[in-house]
Amino acid sequence: MTRDRLTWAVLVALVWTAMMSFGGVAAETVMLYPNIFGDPPASLDRAREFLVAGGPSDYFPPLGASVVLTCLAAAVLTWRDRRLRWWVAGAAVVFVACEFLFSVFFFWPRNEIMFVDPVGTHSPEYLRQVAAEFVAGHRVRLVGGAVTAALAFTALLRWARTTASRP
């Protein structure tokens, strides 16, 4: 496989994984969040009962890892091309900051409180506060996913224009 074909494949994989991640977060926002966070603590209890066989924690970590890996591969393959490097690097930085680091430091502790700590550990008022914080912070993740996908797609389009003009 030539370097150009490999770059095409990696950029397509990056766009695909970034869009899958953003689409998953967007779908979660409109389908799950109204049910999970609609009336805490009762809605949190229903979510614990419903999300038994699988949930977001089964979907997003492996998908996030694939976004990071494809970002790294795309960065290595496009680094010498100044027209592409910053689009790919930007996608990687935004994804790691908004989807990974923000999740680790903001969402994971709140997930523990709402879904892991035994029922009755926290007061209803505190659970409502934590749920409201979670929903408000979710906007960062949603915007970060959109920006990551847009940056990756821009890199792919720029690559397509570059290679289309080659003999």
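Is phenylalanine 100 buried, partly exposed or exposed? Phenylalanine 100 is partly exposed, with a relative accessible area of 44%. The views below come from a predicted model.

**View 1. Phenylalanine 100 and a nonpolar surface patch on the predicted model.** Phenylalanine 100 sits in helix 4. Its relative accessible area of 44% falls between the 20% and 50% limits, so the residue counts as partly exposed. Phe100 joins Val96, Leu101, Phe105 and Trp108 in a nonpolar surface patch. The patch covers about 530 Å².

**View 2. Serine 103, a buried residue of helix 4.** Helix 4 runs over residues 82-116 and holds serine 103. The relative accessible area of serine 103 is 6%. Buried means under 20%, so serine 103 is classed as buried. A polar atom of the serine 103 side chain lies 2.6 Å from the backbone oxygen of glutamate 99. With neighbours within four places in sequence left aside, serine 103 is in contact with Cys98, Trp108 and Arg141. One of these, Trp108, also belongs to the nonpolar patch of View 1.

**View 3. Arginine 110 and glutamate 133, a salt bridge between two helices.** The closest N and O atoms of glutamate 133 and arginine 110 are 3.0 Å apart. This pair links distant parts of the chain: arginine 110 is in helix 4, and glutamate 133 is in helix 5, residues 124-164. The two residues are 23 residues apart. What is the exposure of each partner? Arginine 110 is buried, at 17% relative accessible area. Glutamate 133 is partly exposed, at 26%. The 20% limit falls between these two values, so the partners land in separate classes.

**View 4. Surroundings of arginine 110 in helix 4.** Which residues does arginine 110 touch, not counting those up to four places away in sequence? They are Phe105, Val130, Glu133 and Phe134. Glu133 is the salt-bridge partner shown in View 3. Phe105 is one of the residues of the nonpolar surface patch. Valine 147 is 37 residues from arginine 110 in sequence. Their C-alpha atoms are 24 Å apart in space.

**View 5. Arginine 83 and aspartate 81, a salt bridge.** The side chains of arginine 83 and aspartate 81 meet at 3.2 Å, N to O. Arginine 83 is partly exposed, with a relative accessible area of 45%. Aspartate 81 counts as buried, at 14% relative accessibility. A search of the whole structure finds 3 salt bridges, and this pair is one of them.

**View 6. Glutamate 125 and arginine 128, a salt bridge within helix 5.** These side chains meet at 3.7 Å, N to O. Both residues lie in helix 5, 3 residues apart, about one turn of the helix. Glutamate 125 is exposed, with a relative accessible area of 53%. Arginine 128 is partly exposed, at 39%.

**View 7. Proline 41 and a cis peptide bond.** The bond from proline 40 to proline 41 is cis, with omega near 5 degrees. Where does proline 41 lie? Proline 41 is in the loop between helix 1 (3-36) and helix 2 (42-50). Proline 41 counts as partly exposed, at 21% relative accessibility. Leaving aside neighbours within four places in sequence, proline 41 is in contact with Pro124, Leu127 and Arg128. Arg128 is also a salt-bridge partner in View 6. Phenylalanine 95 is 54 residues from proline 41 along the chain, and their C-alpha atoms are separated by 31 Å.

**View 8. Threonine 7, a buried residue of helix 1.** Threonine 7 has a relative accessible area of 1%. That value is under the 20% limit, so threonine 7 is buried. Not counting residues up to four places away in sequence, threonine 7 touches Leu77, Thr78 and Trp159.

**View 9. Spans annotated as transmembrane region in UniProt.** The unreviewed UniProt entry places this feature at residues 59-79, 86-108 and 142-160. In the predicted model, residues 86-108 are 100% helix and 0% strand. The end C-alpha atoms of that span lie 30 Å apart. Residues 142-160 are also 100% helix and 0% strand. Their end C-alpha atoms lie 27 Å apart.

Methods:
Residues numbered from 1 in each chain as written. Predicted model: local features only at pLDDT ≥ 70, side-chain atom pairs only at ≥ 80, totals over all residues. Heavy atoms only, no water. UniProt positions renumbered as here; feature names shortened; annotations may be inferred. Helix = DSSP H or I, 4+ residues; strand = E, 2+ residues; numbered from the N terminus. Buried < 20%, exposed > 50% of the residue type's maximum accessible area, 1.4 Å probe, protein only. Polar contact = N/O pair within 3.5 Å; in protein donor to acceptor, adjacent residues only side chain to side chain. Contact = heavy atoms within 4.5 Å. Patch = residues over 30% accessible without salt bridge, like charges linked within 9 Å, V, L, I, M, F, W, Y side chains within 5 Å. Areas by Shrake-Rupley, 256 points an atom, 1.4 Å probe, with all protein chains shown as cover. Salt bridge = Lys/Arg side-chain N within 4 Å of Asp/Glu carboxyl O.
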